[in-house]
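Biologist: I am new to this structure. Please take me closely through one part, the sheet and what lies around it.

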Amino acid sequence: MGKTSASQGPGARPDPVRSFNRWKKKHSHKQSQKKQLRKQLKKPEWQVEREVISRLMQNFEKINVNEITRFSDFPLSKKTLKGLQEAQYRLVTEIQKQTIGLALRGKDVLGAAKTGSGKTLAFLVPVLEGLYRLQWTSADGLGALIISPTRELAYQTFEVLRKVGKNHDFSAGLIIGGKDLKHEAERINNINILVCTPGRLLQHMDETICFHATNLQMLVLDEADRILDMGFADTMNAIIENLPKKRQTLLFSATQTKSVKDLARLSLKNPEYVWVHEKAKYSTPATLEQNYIVCELQQKISVLYSFLRSHLKKKSIVFFSSCKEVQYLYRVFCRLRPGISILALHGRQQQMRRMEVYDEFVGKRAAVLFATDLAARGLDFPAVNWVLQFDCPEDANTYIHRAGRTARYKEDGEALLILLPSEEKGMVQQLLQKKVPVKEIKINPEKLTDIQKKLESLLAQDQDLKERAQRCFVSYIRSVYLMKDKEIFDVSKLPIPEYALSLGLAVAPRVRFLQRMQKQPNKELVVSQDNKVIEPRTLSLTSDEVEEFRAYFNEKMSILQKGGKIPEGTEYRLASGISDGEEEEKECEQEMEEKLGKTKGSQPQSVSSNKEPQKNKEVPVQFLDRDDDDDEEDDGLNADFIKVKRRNVFGLDLKENKTLQKKEPSKSSVEKKVTKVAEAKKVMKRNFKVNKKITFTDEGELVQQWPQVQKSVSKDTEGEDDAGGINLDKAKERLQEEDKFDKEEYRKKIKAKHREKRLKEREARREASKKQAKAKDEEEAFLDWSDDDNDGFDPSTLPDPDKYRSSEESDNEDMENKISDTKKKKAMRKKNDSEVEDVGPTSHDRKKTKWETSEPLDTGLSLAEDEELVLHLLKSQS
Ligand SMILES: Nc1ncnc2c1ncn2[C@@H]1O[C@H](COP(=O)(O)OP(=O)(O)OP(=O)(O)O)[C@@H](O)[C@H]1O
């Protein structure tokens, strides 16, 4: 009974045939692998990549959302995965999980998810993959466009793109306002992925030669509802016109638009709606604790101060409704030194400053940022503990975005909303409807520090601060007045004088639109059938007002463009009636409102109190704005629309103004424009004495430098003018005369200058020749002296017989020169009797002095006689 090798014990030898077969199989497998590798190595890179791409694309359809937990579960390129990993992004968030797969398949996507849930990567990853799939190169031009509503958000998105896409070869660019347009224009054509703000993008589309988006594959609108709302409507329509219809479109926001009209504008094709938290109990992050307090308007600043004092180790953002509030309260709080570092971010700062503040706040552990709604959307400041909404947001969506600056990506955060008693009911209702869980909390009166007195004393010492407080006051009232939801925002319920006092102002500045509103309460608000408030101002506009308004803006624009002062973003905004940033756009609206107030022509009246003395006079805030911060962009645009009540600094009389206006028959309701002539007449009537500037000349004469004295006309004529007012024709004539007089004076001066120059040159020549003659004399004297010294006969003193001829020739030459000189002299004398003619001795003259007398020969004969004499002399010599 034999045993097989297999059944033999462990020490038995293995079957050599089987071992050989196994080895052979392994070997051939290895060989084939090597062969394949060699084959692949021979392939060009693009071909290998194409194969990889086609493999990835085959997997797109197999994506199962439920199985995805990490980015590597998606069929993504190695380059993107590496970028994500290096930036520490491994696990996907819900919105990323649900939208990346759809976007990879080329679908149009509308994504909505709570704030801080990672929407940025949800569109950046498909953008990178989309272009990678097409093996996009710089020669292909613009492939993807990402539009953000604010510059800061665009900047932030660009930074994330740089981090995640760093292993790809695409070129990416950030195009936002406030930078050099030319510099951008030079580079924009080579950009594959462009992150931009709408205003700036359109500006390039209009102005940059060769810039086009005809190859565009993907369009992304971050904060889509904001970009598609009224503020950006015109710009976006113009941009969309420049984009190809065949493209993929991705829209993301925490408060997504569902408006069919909006979406139709984008010509989406069967879009996929992804509302991640639609069924969630709340629309805000679960880690966000939200409360509100109700307090009077005049208490708010003290509440803010007390809040900051009790949160010195925290990082907070405080939202205000206008730039001027931020500007004033920032300054005032810095002076109060609450013990925490304070920063300010708003649309009136220069772009560089905005970036600096952004970076500074990102880097701080404990600080407070005073901001407008510019910072409400999308900004991802790390580790923010508190969001305080100092002014009520315009709607629940704005509330959600503002509050969403804290409690981001699994972090905790707290939000506190300050409401006025008049705002409470409406706002809380809106928030509850939007599934925002807010609870009321009460202020502890013991912990409230009243700072009104401190503010008053600060303002008393600082005029600039006081003016800022006035602007802040007007700006806040105006922002409430402009809010659409009149159920929440009722300007008539505001305690105006108390509010002014709380800002440190003794007297409330005058607010024109409020006065108008009080005068015409019925006209102001027009309520539609369904009880909704329709914007009142458009209805009360006459065509004249609109025209004047437009002309005013055009004029402003042309002046600013010529001066080159306007920031590029603003430039466009005004031209097309849209804005780059949220805040800027709001400001523009405010300007319009103010201008509108002007055209209505109602007389100003005090809101603060009727006791205000008549002396008070309106002075445009423009004067006040001139000395604004260096870091703030030009305020001038809207400044002269705003009027605040101030002392009658210049002693001008308002009554006179009124009588002037009354005399002029008004054809329309539009206030008559005051012409320059009328202004001049007014000034003349008042008999203003202008300051004089008088200087003394070297001779001690008095010279009036300013105002310039009229020299061309007699005083009688001036007297005539005074008697009859301004005679424009005479004034013109006089100006022309004055002009002639000036020209003549100028000509004389130039002549005198030239003459002086000539004389100087002559003098210099004469001096030079004198010096030369002197040198010669000295030389000769030296020779004579040496002769004496030798005490013997020097043959060199004798005339050289060989040179005799030449000396004779030279004599002849000398004579000729002499004659020609005399001729010249005579001619010159004829030409200008007054001019002194004195030509210095020439070299020939000097030669002559060697042989003859140095005295010039003056025969006293005429030129012809002179010539004859010379010939005679020559003949006699020969
Ligand atoms: N997959 C991820 N893993 C880790 N962190 C992530 C991930 N995705 C996003 N984050 C982080 O979450 C934070 C919020 O992301 P993001 O700014 O994209 O939110 P958002 O949804 O766009 O917010 P908002 O609605 O306010 O614009 C960021 O700090 C980001 O780095």
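Modeller: What follows starts with the model as a whole, goes to the sheet, and then moves outward.

Residues are numbered from 1 along each chain, as its sequence is written. The model is predicted: local features need pLDDT of at least 70, side-chain atom pairs count only at pLDDT 80 or more, and totals for chains, interfaces and linings use all residues.

First, the whole protein. Its secondary structure comes to 34 helices and 20 strands. Both are DSSP runs, numbered from the N terminus: helices are H or I with at least four residues, strands are E with at least two. Of the 878 residues in the protein, 33% are buried. A residue is buried if 20 or more other C-beta atoms, placed from the backbone, lie within 10 Å of its own; it is exposed if 12 or fewer do, and partly exposed in between. Contacts reach across the sequence: among those between residues at least 6 apart, 75% join residues at least 24 apart. Two residues are in contact if their C-beta atoms, placed from the backbone, lie within 7 Å.

Now the sheet. Seven strands form an open sheet, in the order β10-β11-β9-β12-β13-β8-β14, and the pairing is parallel. β10 (342–345) and β14 (439–440) stand at the edges with a single partner strand each, so one side of each has no neighbour in the sheet. Two strands pair if DSSP finds at least two bridges between them. Strands of a sheet pair through backbone hydrogen bonds, either parallel or antiparallel.

Look at β13 (residues 413–419). Seven of its seven residues are buried. Gly413, Ala415, Leu417 and Leu419 point one way. Glu414, Leu416 and Ile418 point the other way. One partner is strand β8 (residues 288–294), which pairs with β13 in the parallel sense over seven bridges. There, glutamine 290 stands opposite alanine 415. Another partner is strand β12 (residues 386–389), also parallel, over four bridges. Leucine 388 stands opposite leucine 416, and glutamine 389 stands opposite leucine 417.

Step back to the loop between α15 (396–403) and β13: tyrosine 409 is found there. Its phi is near 40°, a positive value in a residue other than glycine. Most residues other than glycine have a negative phi. Tyrosine 409 counts as partly exposed because it has 13 C-beta neighbours inside 10 Å.

Tyrosine 409 also leads to the ligand. Of the 19 residues around the ligand, Tyr409 is among those that come nearest, along with Thr115, Gly118, Lys119 and Thr120. A residue is near a molecule or strand if its C-beta atom, placed from the backbone, lies within 6 Å of it. The shell divides into seven nonpolar, nine polar and three charged residues. Here Ala, Val, Leu, Ile, Met, Phe, Trp, Tyr, Cys and Pro count as nonpolar, Asp, Glu, Lys and Arg as charged, and the others, Gly among them, as polar. Domain 1 (46–275) and domain 2 (288–513) each give the shell at least three residues. Those bounds come from an automatic or database domain assignment. The largest share of the shell, three residues, comes from helix α5 (residues 119–133).

After α5 comes a loop that runs to β2 (144–147), and glutamine 135 sits in it. Glutamine 135 has a positive phi of about 45°, although it is not a glycine. It counts as exposed because it has 12 C-beta neighbours inside 10 Å.

Next, strand β1 (residues 109–112). Val109 and Gly111 point one way, Leu110 and Ala112 the other, and all are buried. Four bridges join β1 to strand β6 (residues 248–253), and the two run parallel. Leucine 250 in β6 is the bridge partner of valine 109. Four bridges also pair β1 with strand β7 (residues 272–275), again parallel. In β7, glutamate 272 stands opposite valine 109.

Leucine 250 also touches valine 220, whose contacts beyond four places in sequence are Phe123, Val127, Leu145, Ile146, Ile147 and Leu250. Val220 belongs to the largest nonpolar core, which has 147 residues; with Phe370, Phe473 and Ile477 it touches the most other members. Domain 1 and domain 2 both give residues to this core, so it lies between them. Such a core is a set of buried Ala, Val, Leu, Ile, Met, Phe, Trp, Tyr and Cys residues joined through C-beta atoms within 7 Å.
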